[in-house]
Amino acid sequence: MIRSMTGFGSAEGEVGGALVAVEVRSVNHRFFNPSIKLPSEFGKWEGEVRDALRRSVSRGHVTLIARVARTQAEGRIDESRFAAYVQQLRELQRRYGLDATLDVGTVLRLPDVIGTRDDGEATEGEGGAQDLVRIVSRAVAAMDAMRVAEGERLCAYVVDRLQLIGDAVDRIAVRAPARLIEQRDRLRQAVQELAGGVSIDDQRLAQEIAVLADRLDVSEEISRFRSHLDAFRETLRNAPSEGVGKRLGFLLQELLREANTTGSKGNDAVILQDVLGIKEELERIREQVENLE
């Protein structure tokens, strides 16, 4: 199944009695490049969160943000931190001659004074990590659903562009033989005019016409064009679990090479117009393929 590398997902749940909201978003990147932002009390579980992301995402710059909303009923004062802050504040008051009044509310608003559970509970087992990973997994699943839907839209767009390219290739296939005949007749006429009634070596003329025909013949390029287009469509229909973007990128390079060769060998205004159209469509496809996982 083909996925876009652009997506967003979110989920909420409880971790140790605290309500946790997780948001995950991803954008295009050549490799798996995670950016994880967790509350300080969850920092020790970053490895588990990273593993959960890696199991579901193979490519893309993925940003995960977790936020904690604590309820007043479940909040607990960390007395050791409270005491440490009070001691530091008293020392600062004494050192700088500040007002001796110390407001309890000021101390409670300092970092990590109020928590959802005490230190013993926070380090107890791996249940907290498992709860967090479950929320992350739901958020990633929501993001993945969006990436799949976006991937389907991108595939439909690319298939339409491939059809336009295929139509242009068919027109070139029809025009190329007529182009050879025109050039052959033009060469015959030019030689006869230059000869001015002098006898012409028909065998030598035939050789020159054969060389010209070989130089202008694009039948091999047409055949490879169609083969690459078929391979492109097949990859879209039966995409591998990983590496689809790289395979499609390779096929795009081959299609562009055939377009350049066809334009160079064709040397014809009608053929060149279709070649330019093909290259424009290939560029549009490339912009979309770069965003596929």
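Two strands pair if DSSP finds at least two bridges between them. Keep that in mind for the first stop; helices (H or I, at least four residues) and strands (E, at least two) are DSSP runs, numbered from the N terminus.

Before you click, some housekeeping. The model is predicted, with local features needing pLDDT of at least 70 and side-chain atom pairs counting only at pLDDT 80 or more, while totals for chains, interfaces and linings use all residues. Residues are numbered from 1 along each chain as its sequence is written, and side-chain values use heavy atoms, with hydrogens and water left out.

**Stop 1: the hairpin**

Select residues 7-15, strand β1, and residues 18-27, strand β2. They run antiparallel and are joined by 9 bridges. Zoom in on the turn: the hairpin has 2 residues between its strands, and Gly-16 there has a positive phi of about 60°. For a landmark across the pair, find Gly-9, which stands opposite Val-24 in β2.

Now show the side chains of β2. Which of them are buried (under 20% relative accessible area, with a 1.4 Å probe and protein chains only; exposed is over 50%, and partly exposed is in between)? Ala-18, Val-20, Val-22, Val-24 and Ser-26 are, and they point to one face. Leu-19, Ala-21, Glu-23, Arg-25 and Val-27 point to the other face and are not buried. In a regular strand the side chains alternate between the two faces of the sheet.

**Stop 2: along to β4 and β3**

Add residues 60-69, which make up strand β4. β2 pairs with β4 in the antiparallel sense, over 9 bridges. Click Glu-23 and you'll find its bridge partner in β4, Ile-65.

Next, pick up strand β3, residues 32-37. β3 and β4 run parallel, with 6 bridges joining them. Ser-35 has Thr-63 as its bridge partner in β4. The side chains of β3 alternate too: Phe-32, Pro-34 and Ile-36 are buried on one face, while Asn-33, Ser-35 and Lys-37 point to the other and are not buried.

Turn on helix α1 (residues 46-56) as well, since here's a feature to orient carefully. What is the handedness of the β-α-β unit made by β3, α1 and β4? The unit is left-handed. To check by eye, point the strands away from you: a crossover is right-handed if the path from the first strand over the helix to the second runs clockwise.

**Stop 3: helix α2**

Jump to residues 79-96. Helix α2 has 18 residues and reaches 26 Å from its first C-alpha to its last, close to the 26 Å expected at 1.5 Å a residue (that is, 1.5 Å times one less than its number of residues). Just after α2, Gly-97 takes a positive phi of about 65°.

Near the helix end, select Arg-95 and Glu-91, whose side chains meet in a salt bridge at 3.5 Å, N to O (a side-chain nitrogen of Lys or Arg within 4 Å of a carboxyl oxygen of Asp or Glu). The two are 4 residues apart in α2, so about one helical turn separates them. Glu-91 is partly exposed, at 31% relative accessible area.

**Stop 4: more salt bridges**

The whole structure holds 23 salt bridges. One of them links Arg-257 and Glu-254 at 2.5 Å, N to O. Both lie in helix α8 (residues 244-266), 3 residues apart. Arg-257 is partly exposed at 44%, whereas Glu-254 is buried at 15%.

Finish with Arg-286 and Glu-290, another salt bridge at 2.5 Å, N to O. Finally, select Glu-220, Glu-221, Arg-224, Glu-258 and Lys-265, which salt bridges with shared partners join into one network.
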